[in-house]
Amino acid sequence: MKQTVYTASPESQQIHVWRLEEQGKLTLLQVVDVAGQVQPMVVSPDKQYLYVGVRPEFRVIAYRIAPDDGMLTEAGEAALPGSPTHISTDRSGSFLFCASYNAGLVSVTPLRDGLPDEVVCVVDGLEGCHSANMAPDNRTLWVPALKQDRICLFNLSEDGNLQALSPAQVTTVAGAGPRHMAFHPNRQYAYCVNELNSSVDVWELKDPHGEIECVQTLDMMPTDFSDTRWAADIHMTPDGRHLYACDRTASIITIFSVSEDGSVLAVEGYQPTEAQPRGFNIDHHGRYLIAAGQKSHHIAVYEIHGEQGLLEERGRYAVGQGPMWVTINAW
């Protein structure tokens, strides 16, 4: 399996393209200059395109991914209704979702032969909308509204419209600020990192009565931490054994072990990392974690090892200015 790592640096308006080698080494293949501040990124399910959200001229740019080395060629773009904070696709690659924090909305863009078309659906009134996360069933879209302490639930129709489910939302504790999400590979549990109190909620996707329930909330900060909490990103290893979340004030990655059924988390440790880690990701083998330091202008590669899933640094690399997003493709 070949793997390519893409890092977005909005301050220098660049995407860096890296080949992930054995022992976690990164080799720089390409630097793409982007006409705008490049922020969220996602790879299409068929591995053929990288979609990138850009501001201040709000749009999504599609880059064609070369099948031999993962390098990028611009292929198309489409306008977005708000500043792109997070982008994702459904699991078939038919639609692209854009969450906009500043505009308080989520939008749906059809993908025609992999390229973005005009927006077909906009749902507003989602204050602090921070991500759009398609559940494993490829029907339910989870959309955290950070400023409202709720995650809105929508059904995706065949033509790309979003219809509120019943219940239409789940709520967090007051002041939590739900932000980003990850799903367990067994399709039974979801995990949401809360920005404002740096906690992680475990959501049971459906109990025997059809209800969605929060079955655990866990503090992700060390007991002696007393500064402002400011969590950012969350990712799970492909085997579902380990979960990781980062906090930007403390510049740490919190390491969780996950019970076999996915319902229970336990904190295993804290890894100091790059200054202000806004984003990170895990490779498709579950061997390496790559974190971006928004204030250090570097990325760091960590090897995941042991039953606890602890992290050991394997390399550190300069990238563009203000790196904030890491996406990994494998084929």
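**Surface, fold and salt bridges of the predicted chain**

The accessible surface of the chain comes to about 13100 Å², and carbon and sulfur atoms account for 45% of that area. The model is predicted, and every value reported here is therefore computed from predicted coordinates. Of the 331 residues in the chain, 60% are buried. Along the principal axes, the C-alpha trace spans about 50 × 45 × 35 Å.

The secondary structure consists of 29 strands and 0 helices. The radius of gyration of the chain is 18 Å, close to the 20 Å that the globule rule gives for 331 residues, so the chain is as compact as a globular protein of that length. Among the contacts in the chain with a separation of 6 or more, 47% are accounted for by residues 24 or more positions apart.

With regard to charge, the chain carries 23 positive and 41 negative charges, and the mean positions of these two sets are 4 Å apart. The count of salt bridges comes to 12. One of these joins E21 to R19, with the closest N and O atoms 2.9 Å apart. E21 has a relative accessible area of 26% and is therefore classed as partly exposed, given that the partly exposed class lies between 20% and 50%. R19, at 35% relative accessibility, likewise counts as partly exposed.

A further salt bridge is formed by the side chains of R112 and D117, for which the N to O distance is 3.1 Å. D117 counts as partly exposed, its relative accessibility being 31%. R241 and E307 also form a salt bridge, in which the closest N and O atoms are 2.9 Å apart. This pair links distant parts of the chain, since R241 is located in the loop between β21 (231–236) and β22 (242–247), whereas E307 is located in the loop between β27 (298–305) and β28 (310–318), the two residues being 66 residues apart. R241 is partly exposed, with a relative accessible area of 35%, while E307 reaches 65% relative accessibility and so counts as exposed, the cut-off for that class being over 50%. In addition to these pairs, R179, E195 and R248 are linked in a network of salt bridges.

Two individual residues illustrate the surroundings of particular strands. E312 lies in strand β28 and is partly exposed, with a relative accessible area of 34%. When its neighbours within four places in sequence are left aside, E312 is in contact with V301, Y302, E303 and H305. E312 and E11 are 301 residues apart in sequence, and their C-alpha atoms are 29 Å apart in space.

H16 is found in strand β2, which comprises residues 14–20. The relative accessible area of H16 is 7%, so this residue is classed as buried, a class that requires a value under 20%. With neighbours within four places in sequence again left aside, H16 is in contact with V5, Y6, T7, L28, Q30, V31, V319 and G320.

Definitions and conventions: Residues are numbered from 1 along each chain as its sequence is written. This is a predicted model: local features need pLDDT of at least 70, side-chain atom pairs count only at pLDDT 80 or more; totals for chains, interfaces and linings use all residues. Side-chain values use heavy atoms; hydrogens and water are left out. Helices (H or I, at least four residues) and strands (E, at least two) are DSSP runs, numbered from the N terminus. The radius of gyration is taken over C-alpha atoms; the globule rule is 2.2 Å times the number of residues to the power 0.38. Buried means under 20% relative accessible area, exposed over 50%, partly exposed in between (1.4 Å probe, protein chains only). Contact means heavy atoms within 4.5 Å. Accessible areas come from the Shrake-Rupley method with a 1.4 Å probe; for residues, only the protein chains shown count as cover. Lys and Arg count as positive and Asp and Glu as negative; His and the chain ends are not counted. The place of a charge is taken as NZ of Lys, CZ of Arg, CG of Asp or CD of Glu. A salt bridge is a side-chain nitrogen of Lys or Arg within 4 Å of a carboxyl oxygen of Asp or Glu.
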